[in-house]
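Welcome, and please keep your viewer open beside this text. We will go from one selection to the next, with a short note on what to look for at each stop.

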Amino acid sequence: MSEQQNNKTEEKVITKLFPRPNGPLVVTGEKLDLIDENGKVIKSAERFSICRCGHSASQPMCDGSHNRIGFTG
Ligand code: FES
């Protein structure tokens, strides 16, 4: 692989989205924006944990409540 091809590969930003067993949906990437229904960026980060159990008091983010309620999924 040439140096130019290597540089292109290194420039790729990989965003990952995966569920944690019995926990939140985790999103990771170089720069992620959480956007509200009006299109306003409400938080930027490299990692978000999104609630899947529906019991977080900080929706849409996970606050650990899935442990308290014994969420499975
Ligand atoms: S998944 Fe963690 S609080 Fe809902």
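Before selecting anything, here is the contact rule for this tour: two residues are in contact if their C-beta atoms, placed from the backbone, lie within 7 Å. Also keep in mind that this is a predicted model.

Start with the whole protein in cartoon view. You should find two helices and three strands, arranged from the N terminus as α-β-β-β-α. Colour by burial next: of the 73 residues, 8% are buried. If you draw a contact map, look at pairs at least 6 apart in sequence; 21% of those contacts join residues at least 24 apart.

Now select the strands. They form an open sheet in the order β1-β2-β3, with antiparallel pairing. β1 (16–19) and β3 are the edge strands, each with a single partner, so one side of each has no neighbour in the sheet. Neighbouring strands here are turned by 25° against each other on average, ignoring direction.

Zoom in on residues 25–35, which are strand β2, and add β3: the two pair in the antiparallel sense over eight bridges. To see one residue pair, pick Leu 32; its bridge partner in β3 is Ala 45.

Last stop: Val 41, in strand β3, which covers residues 41–50. Is Val 41 buried or exposed? It counts as exposed, because it has 9 C-beta neighbours inside 10 Å, and the cut-off for exposed is 12 or fewer. Now show what Val 41 touches: leaving aside residues up to four places away in sequence, these are Asp 33 and Ile 35.

Methods: Residues are numbered from 1 along each chain as its sequence is written. This is a predicted model: local features need pLDDT of at least 70, side-chain atom pairs count only at pLDDT 80 or more; totals for chains, interfaces and linings use all residues. Helices (H or I, at least four residues) and strands (E, at least two) are DSSP runs, numbered from the N terminus. A residue is buried if 20 or more other C-beta atoms lie within 10 Å of its own, exposed if 12 or fewer, and partly exposed in between; C-beta atoms are placed from the backbone. Two strands pair if DSSP finds at least two bridges between them. Axes are lines fitted to C-alpha atoms, for helices over the stretch in contact, and angles run from 0 to 180 degrees between N-to-C directions.
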